[in-house]
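Please find below a short note on the structure, set out as numbered points. The comments begin with the aromatic contacts and then turn to the sheet and its helices.

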Amino acid sequence: MGTVVEKIFSQHLNRPVHAGEMVVVDVDASMMQDINGPAVIENFDSIAGYVSSPGRHLAVLDHCSPCPSVNAANTQKKMREFAWRQGMRLADQGEGVCHQVMLESGMVRPGSIAVGTDSHSCMYGALNAFGAAVSAADEAVILACGRAWFRVPETIRVEFTGRPAPGISAMDLALYMAATLGVSGAQYRCLEFGGEALRFLSVDARATICNIAAETGAKCAIMPYDEILKKWLSEQKRGDTRGSWRTLTRCTPARWKSIPQPACRLSPRRPASTALCRSAAWKVTRFSRFLSGPVPMAVWRISRKPGRFCGGDR
């Protein structure tokens, strides 16, 4: 029994999959947005004529809304025509931000593999899915054949313990995480979240934390499948889509494998799996409000003694 990301890939390939493996898998859902959409279309036109399973793919016009230039308008026109011609789903201007549209579209389900041509596509992990960013060239291949290759990431287990104090939001937890891990502290890792504090976080709040995981270099970020997510899916008329391996618990003990450690303040506890390269437990009852600044990864604590916060428990 491995990490959540290993389980997701194992289910898709119908065999045990372990962190570090190079795999080619079917992609359940993909998204392209209007900044790199033209590059996706150009790459696609060079290799294929028809989109495979167009209902699994979404084109979103949200980054330039309203269009600030003629060039941006022509770009969106090209994407509309491509989506209509291929029978793809289209979210036009004013219909929402790309990642939020993906979460609400029904395309991303627990245990699925969903990708997007945007660095914050790890946000899809709020629904207990593998969500990751891909390049325009990769997205073109996914449109053509519905498959993609990945190196299965190692996992950093992050547990938020305690109950958030009044006024503490998911963004405060996310900024603490980002400042503590740093811009490369989770590089090509999966951030697997747990802890009793998640009982007090809605799916929207969890999506915020997964979104900010991109700022740590994480490949993906995954929240658990629990009663909160199950209720949200029911309210969205999704039903129970998890399958027979619904309960995702911590990894069973296994032999420790030496993996280069990210330079951040994490618990020195021995991981419970060869794929669980580090673990951290942060007590949210002691968290303050935080603000992010214009300098990369600059986070300030809001308190009577304001000052820059660089991570850890200072």
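1. In this predicted model, the structure contains nine aromatic pairs. One of them joins F160 and W282 in a tilted arrangement, with 5.9 Å from centre to centre and 50° between the planes.

2. What does the F160–W282 pair tie together? F160 belongs to strand 8 (residues 154-161) and W282 to strand 11 (residues 276-283), so the pair links parts that are 122 residues apart in sequence. Both F160 and W282 are buried.

3. The F160 and W282 rings also belong to a cluster: ring pairs connect F160, Y176, F193, W282, F287 and F290.

4. Turning to the sheet, five strands make up an open, parallel arrangement in the order 4-3-2-5-6. The edges are occupied by strand 4 (89-91) and strand 6 (130-133); each has a single partner strand, so one side of each is left without a neighbour in the sheet. From one strand to the next, the twist averages 20°.

5. Within this sheet, strand 2 (residues 29-33) pairs with strand 3 (residues 57-60) in the parallel sense, over four bridges. Which residue of strand 3 is the bridge partner of M31? The partner is L58.

6. Two helices deserve mention alongside these strands. Helix 3 (residues 70-86) packs on the sheet and touches strand 2, strand 3 and strand 4, its direction making about 150° with that of strand 4. Helix 5 (residues 136-145) lies across strand 2, strand 3 and strand 5 (113-116), and runs at about 135° to strand 2.

Notes. Residues are numbered from 1 along each chain as its sequence is written. This is a predicted model: local features need pLDDT of at least 70, side-chain atom pairs count only at pLDDT 80 or more; totals for chains, interfaces and linings use all residues. Side-chain values use heavy atoms; hydrogens and water are left out. Two strands pair if DSSP finds at least two bridges between them. Helices (H or I, at least four residues) and strands (E, at least two) are DSSP runs, numbered from the N terminus. Axes are lines fitted to C-alpha atoms, for helices over the stretch in contact, and angles run from 0 to 180 degrees between N-to-C directions. Contact means heavy atoms within 4.5 Å. Rings of Phe, Tyr and Trp (its six-membered ring) pair if their centres lie within 6.5 Å; planes under 30 degrees apart count as stacked, over 60 as edge-to-face and the rest as tilted. Buried means under 20% relative accessible area, exposed over 50%, partly exposed in between (1.4 Å probe, protein chains only).
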